[in-house]
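Please walk me through this structure, beginning with the surroundings of the ligand and then turning to the packing of helices.

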Amino acid sequence: MMQVSETLSSIQHDERFISIEGIARHYPAPDGGKTTIFENVWFSVKRGEFCCVIGHSGCGKTTVLNMLAGLELPDEGVNIVDGKAIEGPSLDRAVIFQSHALLPWRTVLGNVAYAVASRWPSWKREAINDHARKYIKLVGLSGSELKRPSELSGGMKQRVGIARALSIEPKMMLMDEPFSALDALTRGSLQDEVRRICLDTGQSTFMITHDVDEAIYLADKIVLMTNGPGAMVAEIVDNPLPRNRDRINLHKLPDYYAVRNHLIDFLVTGSKVFRDNIPAGYDPRRPPLVRPAAPTPASPSDRKAA
Amino acid sequence: MFTSLNARALAVSFCIFVAFLLAWHLATQAAVPVQKMDPEYAKLMGLTATKGTSAMPGPLDVAAKIWEHLKSPFYDRGPNDKGIGIQLAYSIARVMAGYLIAVMVALPLGFLIGMSPMMSKALDPFIQIMKPVSPLAWMPLALYTIKDSSISSIFVIFICSVWPMLINTAFGVASVRKEWINVARTLEVRPLRKAFTIILPAAAPTIFTGMRISIGIAWLVIVAAEMLVGGTGIGYFVWNEWNNLSISNVIVSILVIGVVGMILDQILAFFARKVTYPE
Ligand SMILES: Nc1ncnc2c1ncn2[C@@H]1O[C@H](COP(=O)(O)OP(=O)(O)OP(=O)(O)O)[C@@H](O)[C@H]1O
Ligand SMILES: [Mg+2]
């Protein structure tokens, strides 16, 4: 039992902010049976932890996120937040939608203010707008407050979505590819902002991404999902990089390439073949926790031991 | 071309209008051979039929008639002789009354149907059967039960304008994008606030399209309804002037009905533009 001290199962229950316990999603198949998108998915997110999910398109990442948001209920299993099963959406868990989901009849300010007013119904209009403006400024959209979503580019819409989610100061952020439509520069500065906010406020975060570097920079923990249908959690990568990393020097950190290669290997081959040759001792309830590390040049023999 | 599209279109409209007036004028000036006819019938058809000019008024006669109406639109000389303004006011008031009642019924009911697939299925057969019924077919039933011609016309207006609004509201509410509903759900917006801040603005363009169709139909139906029940209103006026063989007045009425119908439609179109959002 001492061996599993590294795995998630050993984490104290109260440390687990979110616990995903054996969830599954099925859809009726055209032939009358059922297609399993994913099943028996288990993992957890600690308080203040930044958790990224990587997996190929269609494996069910958005579905998992919607279940965590409480917008959908799993067909099997249960999601637990703060010790209680998720039965519906909550203001404690803000969502950045993959499709932006801005209200087209409201301005940028109106969209963010709507969320703020929902969070603090007793606030005066002035206070609501000031608070909203603060977050619009944070995502670099000052000056576009009175534009409507139809007048914004894809990346600008995405940033309004980010501002709206951040503005309600939730306990947890659920982000569905929040930076996918941004240029490298904007993406970098928003990643910095989001990381700073998460560290400052101790927010827990669940983020879907296709960008390996983004995952390495932001995440404490990266969940790897295999291809669907019948997707599962292949393993959980514990990010070995120091917590006070910065974006510019990320690739100079000793373990950077070890993590990066590990993730890319998984995406290129592992995600496809995992299902057909499941490693011995694999237990979906305790997906293996892996911590890729650069071989220490001093003693190459250590590699085998690790 | 140097002039804008609008200017050219305006010029063509003007030319068509002038050509039409000219053709109309010439056609009605042309002498019609005096027909041998039964003197009784000649008496019935009035002087013009026997004098060799067309009984059809020309544009000048109609213009003179319009001027006459414009000078005193609101005179009232007994039940059979009221100014066209008074008659129009009656019709508009009836349309407004029936239409507003229809709005008050159709919008909440449409919301209910749009929000609840069960209610939608339950009420569908009634709507499908009632919708194609000509509103005038309700008239005898209305007259029999209500026993008041004016209120019966209002009822008929209500019946004819309720369906497009009901169907469009239900459709607009049912097809609000799921992602907008999800935004409200994640923000824990209460049902009433959700109805007013998400569903209503999202469905408003569709609802206004229905309201615009309804006002058009209501204005079509009021003329027929008033012809049927008589008494007052622009429909009764048309029929009365036909009985008086005042074709000029009939033509003036057609113009007036068209103009008022256009104005009603444009008012709704204005509101529809206000609530439309580009996606
Ligand atoms: N209503 C539905 N009926 C049948 N299958 C569905 C339905 N909705 C989603 N799916 C399937 O569920 C799977 C998971 O969808 P999901 O949106 O969660 O994928 P994703 O991992 O977020 O993909 P992406 O990276 O492209 O966003 C997809 O393969 C999709 O085909
Ligand atoms: Mg997705």
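The paragraphs that follow take up the ligand shell and then a pair of helices, in a model that is predicted.

Around ligand 1, the shell is made up of A:Y27, A:I37, A:S57, A:G58, A:C59, A:G60, A:K61, A:T62, A:T63, A:Q98, A:E177 and A:H210. Sorted by class, these surroundings comprise three nonpolar, seven polar and two charged residues. Helix α1 of chain A, which spans residues 61-69, supplies the largest share of this shell, namely three residues.

Some members of the shell can be followed down to individual atom pairs. A polar backbone atom of A:G60 is found 2.9 Å from an oxygen atom of ligand 1, whereas for A:E177 a polar side-chain atom is the partner, lying 3.5 Å from an oxygen atom of the ligand. The side chain of A:H210 likewise places a polar atom 3.5 Å from an oxygen atom of ligand 1. As for the ligand's surface, ligand 1 on its own has 650 Å² of accessible area, and the protein covers 59% of that area.

Turning to the helices, chain A holds helix α3, residues 125-138, and helix α4, residues 154-167, whose axes come within 9 Å and cross at roughly 135°. Because angles over 145 degrees would be needed for a roughly antiparallel label, and the crossing is at roughly 135°, α3(A) is described as oblique to α4(A). The handedness completes the description of this pair, since the crossing of α3(A) and α4(A) is right-handed.

Notes:
Residues numbered from 1 in each chain as written. Chains lettered and ligands numbered in written order. Predicted model: local features only at pLDDT ≥ 70, side-chain atom pairs only at ≥ 80, totals over all residues. Heavy atoms only, no water. Near = heavy atom within 4 Å. Polar contact = N/O pair within 3.5 Å; in protein donor to acceptor, adjacent residues only side chain to side chain. Areas by Shrake-Rupley, 256 points an atom, 1.4 Å probe, with all protein chains shown as cover. Helix = DSSP H or I, 4+ residues; strand = E, 2+ residues; numbered from the N terminus. Nonpolar A, V, L, I, M, F, W, Y, C, P; charged D, E, K, R; others polar. Axes fitted to C-alpha atoms, helices over the stretch in contact; angles between N-to-C directions. Parallel < 35°, antiparallel > 145°, perpendicular 65-115°, else oblique. Left-handed = near helix turned anticlockwise from the far one by under 90°.
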